[in-house]
Amino acid sequence: MGAPPVEDEYRLRLEGRAALLEPSRERYYRLVLMLAESRWQERLRGALSLLREVAAHQEALDALLGPALRRAEAEAWPTSNPTVRCLYEVHSLREQLARDVARKLGRSAREPLGNLMSALEDWLLTIPRVVPPHLRWSTALEVLPDSLPALREASVFGTLLESLFAHPMLLTGRIPLTSPQREQLRQRWAKGEAALAFLWNRLSGVDVNRGIVTELQRVATRAPGHPPRNGPECLVHAEYWHQEAWARVRQLVGVRLAPLEPEPHEYLEVFWWLLEREYAPRVRLKASHSLEDARAGLIEVAYELWDAQRPDIPEDERWTAARWARLEEQAWRADEARSGADSERVRGVLRELIQKHGIGTVSLRGWRDSSHLVKLVQQARELIR
């Protein structure tokens, strides 16, 4: 029998990690060639699995290359050895690939190659193009991978909204959300809306004819029949429940402020206030960059008048001393800007109260109308209490 083959000593020095080199060299070489082609975008878009393979193995390969190259230099490993030669080739191809990708993306070649590969994949997927109808769904699946952070945020948002708004709510009762639910909804709302906007914009940027967006938005008008199983379904699910939640918010706010008519930008801010106000009457609606102080006071007066006349509360909770004190305080704020249709509508509610409770009384005979909310509140208090 002949002598057993001598095992490559440099392969042994790499402590079992040499198996990473040959496949990496092959992947790098193929990508470098593709990037040099005139139609490199099209070629790479058809080889996304190759980009993902590089990204998946890059961390382990980088952990091998650095120490191995330093040891090879220090110990003068011979480049005639196949393992050593492969090591240097992998390093050279890696550096070239990083430079080529960074140049294509306008980024730094010093970035981790795994990050560059992920960025290249994302860029390739979102290149604007005309998407034929028969490729809309497959394109949407590519453009909205499960790994997309905005998609995960939208998925969480949609699931939360479904859990809170899937069941009917009485418009006149207390808004039936617990304190943890109210806090979770408020924390997630802005991030969820931003995620949805990002995802729709991402799809719009890919399909120049907007066929994908139009088709998915049409699907989003119908209640999902099952839990979402992929990116487009997550987007459609979240969009449907976002629209349902918005409709409920507008209903809940509109009923409570009638006949005052909120501006579109006021609904959400007022809704957040209502979630707290209905469980803590002393919580004030604060002024903000989009809500003037007088307007906030008028909204509070409108809500207080509605709340006092709700059919589902006991009589002794309607016109309490605390409510009158709040009404007068709020009316002072609102009177800073008495003009406007909404101000007149709210004054109309107070006038109806005065007429209703003053019929047949001596007080009403000498009653004089006023354009001041404070005076109308004071007159109503004298009659009702």
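This briefing walks through a helix pair, the nonpolar cores and one arginine. Keep in mind that you're looking at a predicted model. The main things to find are the crossing of helices α9 and α11, a largest nonpolar core of 77 residues, and R136 in helix α7.

**Helices α9 and α11**

- Start with α9 (residues 179–206) and α11 (residues 231–257), whose axes come within 11 Å and cross at roughly 130°.
- That angle is neither over 145 degrees nor in the range 65 to 115, so the two helices count as oblique to each other.
- The crossing of α9 and α11 is left-handed.
- On the α9 side, the contact is made by W189, E193, L196, L199, W200 and L203, while α11 brings in L235, A238, E239, H242, A245 and W246.
- Sort the residues in this contact by class and you get nine nonpolar, one polar and two charged.

**The nonpolar cores**

- In the largest core, with its 77 residues, the ones touching the most other members are L185, W189, L203, F271 and L305.
- Helix α11 supplies the largest share of this core, 12 residues.
- Take a look at F271: beyond its neighbours within four places in sequence, F271 is in contact with I175, L185, V249, L252 and V253.
- Another core, of 40 residues, lies apart from the largest one and includes M34, L65, L93 and L120.

**R136 in helix α7**

- You'll find R136 in α7, which covers residues 136–143.
- With a relative accessible area of 21%, R136 is partly exposed, because buried would mean under 20%.
- R136 and G211 are 75 residues apart along the chain, yet their C-alpha atoms are separated by 7.3 Å.
- Not counting residues up to four places away in sequence, R136 touches V131, G211, I212 and E215.

Note on methods. Residues are numbered from 1 along each chain as its sequence is written. This is a predicted model: local features need pLDDT of at least 70, side-chain atom pairs count only at pLDDT 80 or more; totals for chains, interfaces and linings use all residues. Side-chain values use heavy atoms; hydrogens and water are left out. Axes are lines fitted to C-alpha atoms, for helices over the stretch in contact, and angles run from 0 to 180 degrees between N-to-C directions. Helices (H or I, at least four residues) and strands (E, at least two) are DSSP runs, numbered from the N terminus. Angles under 35 degrees count as roughly parallel, over 145 as roughly antiparallel, 65 to 115 as roughly perpendicular and the rest as oblique. A crossing is left-handed if the near helix is turned anticlockwise from the far one by less than a right angle, and right-handed if clockwise. Contact means heavy atoms within 4.5 Å. Ala, Val, Leu, Ile, Met, Phe, Trp, Tyr, Cys and Pro count as nonpolar, Asp, Glu, Lys and Arg as charged, and the others, Gly among them, as polar. Buried means under 20% relative accessible area, exposed over 50%, partly exposed in between (1.4 Å probe, protein chains only). A nonpolar core is a set of buried Ala, Val, Leu, Ile, Met, Phe, Trp, Tyr and Cys residues joined through side-chain atoms within 4.5 Å.
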